Amino acid sequence: MSLRIVVCVKYVPDATGDRHFSDDLTTDREAVDGLLSELDEYAVEQALQISEDADDAEITVLTVGPEDARDALRKGLSMGADKAVHVEDDDLHGTDALGTSLVLAKAVEHVGYDLVVCGMASTDGTMGVLPAILAERLGVPQVTQLSTVAVADGKVTGRRDGDAASEQLEASLPAVVSVTDQSGEARYPSFKGIMAAKKKPVETLDLDDLGIDAEEVGLAGAWTKVEDATKRPPRTAGTIVKDEGEGGKQLAEFLAGQKFI
Amino acid sequence: MSEVLVYVDHADGAVRKPTLELLTLARRIGDPVAVHLGSGVDAAAPVLAEHGAVRVLTADAAEFADYLVVPKVDALKAAYDAVQPAAVLLPSSVECKEIGARLAVRIGSGIITDAVDVEAGDGGTAQGEASGGGPVATQTVFAAAYTTRSRVSRGTPVITVKPNSAAPEAAPVESAVEQLTFGFGESAAGTKVVGRTPRESTGRPELTEAAIVVSGGRGVNGAENFHLIEELADSLGAAVGASRAAVDAGWYPHSHQVGQTGKTVSPQLYIAAGISGAIQHRAGMQTSKTIVAVNKDSEAPIFDLVDYGVVGDLFAVVPQLTGEVEARKG
Ligand SMILES: Cc1cc2nc3c(=O)[nH]c(=O)nc-3n(C[C@H](O)[C@H](O)[C@H](O)COP(=O)(O)OP(=O)(O)OC[C@H]3O[C@@H](n4cnc5c(N)ncnc54)[C@H](O)[C@@H]3O)c2cc1C
Ligand SMILES: Nc1ncnc2c1ncn2[C@@H]1O[C@H](COP(=O)(O)O)[C@@H](O)[C@H]1O
């Protein structure tokens, strides 16, 4: 029986660009080019490795996002995923973590899954909570923030490097996992992969297809509300000295003046 | 006055500093009720009372250590049901964020993560009210390029707060320890913890809690040179951080990484040596009070952030600084 893996990938504004808020205080997705969140590349990579070790596996990349989010799916397909699902609906604009997780949960169930693989956090929202919420909603084990992951005999295992300890985890499938950027570099799509991706199926779904009420999502349905967003003032220019042999002493003088020593 | 649940982060009853900060912030909203799960409540309770916890709800069970996250959610949900709080505050650690998030789904509430400040908001404590009134959480977003203020608009606000967001204030109260009664749900035993290797203590302050952090990057050029960073840190009583480049090269453990995929630090003083200041690194240190850098490249973006910068070779500047600090300490 085939191992069905769904990888949740997010399309985000490039973190190295000048990111902004729109007038409605949602993330401005126009001003800065978007791409597949770099942290979700690690999720695609681990899914590919798991599928290579399985007898038979099928990988679906799944995104909830605007039309352009298709680029993120293309990237996943060029890396080697088999098919893609894009949930796109005008009513989704401004959806927060609880809403997104609702949509992802329905979509994952629609696709059918044994294993859901997520990134450790999105590079725009950086909450890092969606995988846990997804597991809660799906009623399956959460095996999250893994730096190593493996699947065998209907079980997923992995190592979670926490603040206080490193934990070895184990759960039965189906399960939701998330992997960190310590899990291993993601592969670059090959030329062959990029060509092949063009022929792979991309299914597009809207809220109706998933049986979700528009009131449950979007800006109006959000569980949280941004009241205001202000650009942080640039830091005032500091003193910069060139070391002519006394740099360490000058620095000590500064620190003493600030009462750090 | 309504009550606010505060989830206690501790090691066998030794309460971590971020929890004391939470108690201080919680008192702006209502009377803090601490939730202490696992062992050591006898040691923790007086510390929690000292910082204003009017009640301490506790439970201990093997499940908390044997399975991941969910047993703690079950217990916190029981505390929520018992208290009907105006808000739930948790520290912003990886685990606590997950606990808070799952609780939020269960109680049908919104969640705000990684707040750096929490205020009561105009209406004080509007439990379950649609927007307005509830606590306001300040966050820094887009690698600290923006500051936002947000509210939870549906349900009881669940808010996780980053370390170093408030100075813990003592506010001693008479406090009672109460046992939580509840049963674990079906999903509690879903993810087994089959092994645990505690992190070795370095004897230095906790990175996220430290008043001073000294970090080394690719410029340190080898694990064998990191002692220069450690010696400076020790002279200042600081924690040691590292850039991802230094971590990826295997020079320093990942648990010390500062940045987007490492720890966020917000100390009084951040010293960056041999670090260029990439956006992902800045995301983790940009809100530090005073920033100092040593870098041999005068064009390095880190210099845009500094209060004081030295353009020079860290192998000369850092040891000289360490020596000077030691000398001044006399
Ligand atoms: C998704 C994602 C997440 C990331 N998360 C993080 C993160 O959490 N934390 C993080 O730090 N990075 C992160 N990065 C990586 C980040 O983009 C940079 O690559 C990294 O921060 C660079 O580390 P560095 O400054 O030490 O190295 P470099 O950029 O190579 O800079 C080294 C600096 O040292 C200086 N130098 C060299 N020799 C000396 C000397 N003898 N004396 C003085 N100065 C010297 C050089 O002039 C240079 O400026 C992430 C990247 C991505 C894509
Ligand atoms: N809109 C989305 N579409 C698909 N996956 C998502 C979306 N948002 C978040 N995720 C997944 O959830 C992970 C954690 O996201 P977050 O909790 O938002 O930081 C990401 O790394 C993705 O795997």
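Contact here means that heavy atoms lie within 4.5 Å, and the legends below describe close-up views of a predicted model.

**Figure 1. The interface between chain A and chain B of the predicted model.** By this criterion, 78 residues of chain A are in contact with 85 residues of chain B. About 7,000 Å² is buried between chain A and chain B, and carbon and sulfur atoms give 55% of that area. Across the interface of these two chains there are 48 residue pairs in polar contact, with both residues of each pair at pLDDT 80 or more. On the side of chain A that touches chain B, two or more residues come from each of several elements, among them the helices α1 (38-53), α4 (130-138) and α8 (247-257) and the strands β7 (142-152), β8 (155-161) and β9 (165-172) of chain A. Of the elements on this side of chain A, α8(A) gives the most, with ten residues. By residue class, the side of chain A that touches chain B divides into 31 nonpolar, 23 polar and 24 charged residues.

**Figure 2. A salt bridge between D181(A) and R244(B).** Side chains of opposite charge can pair when their charged atoms come close. In the pair shown, D181(A) forms a salt bridge with R244(B), and the closest N and O atoms are 2.9 Å apart. The count of salt bridges between chain A and chain B is twelve, while the structure holds 36 over all chains.

**Figure 3. A salt bridge within chain A, between D124(A) and K10(A).** The closest N and O atoms of D124(A) and K10(A) are 3.1 Å apart in this salt bridge. The pair links distant parts of the chain, 114 residues apart, with D124(A) in the loop between β6 (115-119) and α4 of chain A and K10(A) in the loop between β1 (3-8) and β2 (11-13) of chain A.

**Figure 4. Strand β9(A) and its pairing with β8(A) and with β13(B).** Within chain A, β8(A) and β9(A) pair in the antiparallel sense over seven bridges, and a hairpin joins β8(A) to β9(A) through three residues. In this pairing G158(A) stands opposite L169(A), which belongs to β9(A). Across the interface, β9(A) also pairs in the antiparallel sense over seven bridges with strand β13 (residues 191-198) of chain B. The bridge partners in β13(B) include G195(B), which is matched with Q168(A), and T197(B), which is matched with S166(A).

**Figure 5. The surroundings of T224(A).** T224(A) has its place in strand β12 of chain A, and a polar contact of 2.9 Å joins its side chain to that of D96(A). Leaving aside residues up to four places away in sequence, T224(A) touches D96(A) together with G110(B), I111(B), I112(B), R151(B), V152(B) and S153(B) of chain B.

**Figure 6. The site of ligand 1.** Ligand 1 is surrounded by 27 residues, of which the closest are R218(B), S243(B), S276(B), Q280(B) and N295(B). The site is shared between chains, because residues from chains A and B surround ligand 1. A polar side-chain atom of S276(B) lies 2.7 Å from an oxygen atom of ligand 1, and an N or O atom in the side chain of H281(B) is 2.8 Å from an oxygen atom of ligand 1. With a nitrogen atom of ligand 1, the distance of 2.9 Å is to a backbone N or O atom of L314(B).

**Figure 7. The site of ligand 2.** Around ligand 2 there are 19 residues, and the closest are C8(A), D40(A), V64(A), S122(A) and G128(A). A polar side-chain atom of D40(A) is 2.5 Å from an oxygen atom of ligand 2. From the backbone, a polar atom of C8(A) is 2.7 Å from an oxygen atom of ligand 2, and an N or O atom of S122(A) lies 2.8 Å from an oxygen atom of ligand 2.

**Figure 8. Backbone geometry at P174(A) and L25(A).** A cis peptide bond, with omega about 0 degrees, joins L173(A) and P174(A), and P174(A) has its place in the loop between β9 and β10 (175-179) of chain A. L25(A), which lies in the loop between β2 and β3 (34-36) of chain A, has a phi near 65 degrees, a positive value in a residue other than glycine.

How values were computed
Residues numbered from 1 in each chain as written. Chains lettered and ligands numbered in written order. Predicted model: local features only at pLDDT ≥ 70, side-chain atom pairs only at ≥ 80, totals over all residues. Heavy atoms only, no water. Buried area = accessible area lost by both parts, 1.4 Å probe. Salt bridge = Lys/Arg side-chain N within 4 Å of Asp/Glu carboxyl O. Polar contact = N/O pair within 3.5 Å; in protein donor to acceptor, adjacent residues only side chain to side chain. Helix = DSSP H or I, 4+ residues; strand = E, 2+ residues; numbered from the N terminus. Nonpolar A, V, L, I, M, F, W, Y, C, P; charged D, E, K, R; others polar. Pairing = 2+ DSSP bridges. Near = heavy atom within 4 Å.
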